[in-house]
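The report below looks at the packing of a single chain and at two of its residues in more detail.

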Amino acid sequence: MRFAGCLRGTATVLVALLLSCRPAARTTALETWIEPVTGMEFVRLPAGSFAMGSPTTAPGHEDAETLHEVRLAHSFFLQRTEVTQRQWQRVLGANPSQFSKCGEDCPVETVSLHDIEHFLGALTRITGELFRLPTEAEWEYACRAGGTAPPWPPAASTASDHANVDARYPMTGNPRGSFLDTPTPVGSYPANPWGLFDLHGNVWEWTADPYCPYPEGPVDDPRPECGAELRVIRGGSWTFDVASARCVTRYTHRPQDSGYSLGFRLVRELP
């Protein structure tokens, strides 16, 4: 199990070395939709299959990363960026972020899963649309751009050129980079091939899933249930090392936890 630090609740910070992922390359044009009240932009990701997790021979592989085939049978709309402070304030009228001075286009942070549930209820009442957090499989599929994204970070590349992470602690074979000591406005770094921003770094992103073991074999549209209290967060953050920002990295928090490196993005539910 993994924890992202600096909580309002109590939790232990565990630093991980994890594995492979992939950022920015040439962007593929996909259907988009903008929610008119908040200005949230969503990208329709195609249905498809991908290899989730990491092979046992990969550097840094951990037992929780069992490599398995996942099929997502339906397309879905994923938010192009993390939810911003501006968008949160338009829905709830207040800003919980510890980095409010970063600006309204910075990701909202210091939000627990319970806070997000309150936000989702208010968002539905205001917009008439249904939204939810992505599943862990949907999140990794998006991060990998269905398997088309190039390796993260690019070989011999400075990670801080590609994402807001603590690049003073690079992956083996990569040069040291910078540490900004703050979140940055969403979209400040290159998009991945599906036009999605900040899946690497900036703030950790809550998912809908409890922290359950991966299956050994192929699975369709996974929605795991195992009775676990801990929920999975993904993507690394501005205050964590480069390894934490890889697409396969699994960290966790309790639903009541929040901290200045915890944020989220949304899926738009379709009829």
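## Cores and selected residues

The largest nonpolar core holds 25 residues, and those with the most contacts inside it are Phe 119, Trp 206, Phe 264 and Leu 266; such a core is a set of buried Ala, Val, Leu, Ile, Met, Phe, Trp, Tyr and Cys residues joined through side-chain atoms within 4.5 Å. Two or more residues of this core come from each of α1 (85-92), α2 and β7 (204-210), and α2 gives the most, with six residues. Apart from this core lies another, of 21 residues, among them Val 43, Ala 137, Cys 143 and Cys 247. Helices (H or I, at least four residues) and strands (E, at least two) are DSSP runs numbered from the N terminus.

This is a predicted model, in which local features need pLDDT of at least 70 and side-chain atom pairs count only at pLDDT 80 or more, while totals for chains, interfaces and linings use all residues. Residues are numbered from 1 along each chain as its sequence is written, and side-chain values use heavy atoms, with hydrogens and water left out.

The chain averages a pLDDT of 90, and 89% of the residues score at least 70, pLDDT being the predictor's confidence in each residue, from 0 to 100. Over residues 6-25, however, pLDDT stays under 50, although the model has 96 contacts beyond four places in sequence for them; a contact means heavy atoms within 4.5 Å. Where pLDDT is low, the predicted coordinates should not be read in detail.

Phe 264, leaving out residues up to four places away in sequence, touches residues including Trp 88, Ile 116, Phe 119, Leu 133 and Glu 82. Glu 82 itself is found in the loop between β5 (76-79) and α1, and with the same exclusion its contacts include Gln 87, Asp 198, Asn 202 and Arg 265. The C-alpha atoms of Glu 82 and Val 108 are separated by 7.9 Å, with their positions 26 residues apart along the chain.

Thr 127 is found in helix α2 (residues 113-127), and beyond its neighbours within four places in sequence it is in contact with Glu 35 and Val 37.

The table sets out two polar contacts, each a pair of N or O atoms within 3.5 Å, where within protein one must be able to donate a hydrogen and the other to accept it, and residues adjacent in sequence count only if both atoms are side-chain atoms.

| First partner | Second partner | Distance |
|---|---|---|
| Glu 82 side chain | Asn 202 side chain | 3.4 Å |
| Thr 127 side chain | Glu 129 backbone nitrogen | 3.1 Å |

Glu 82 is buried, with a relative accessible area of 0%, and Thr 127 counts as buried because its relative accessibility is 18%, where buried means under 20% relative accessible area, exposed over 50% and partly exposed in between (1.4 Å probe, protein chains only).
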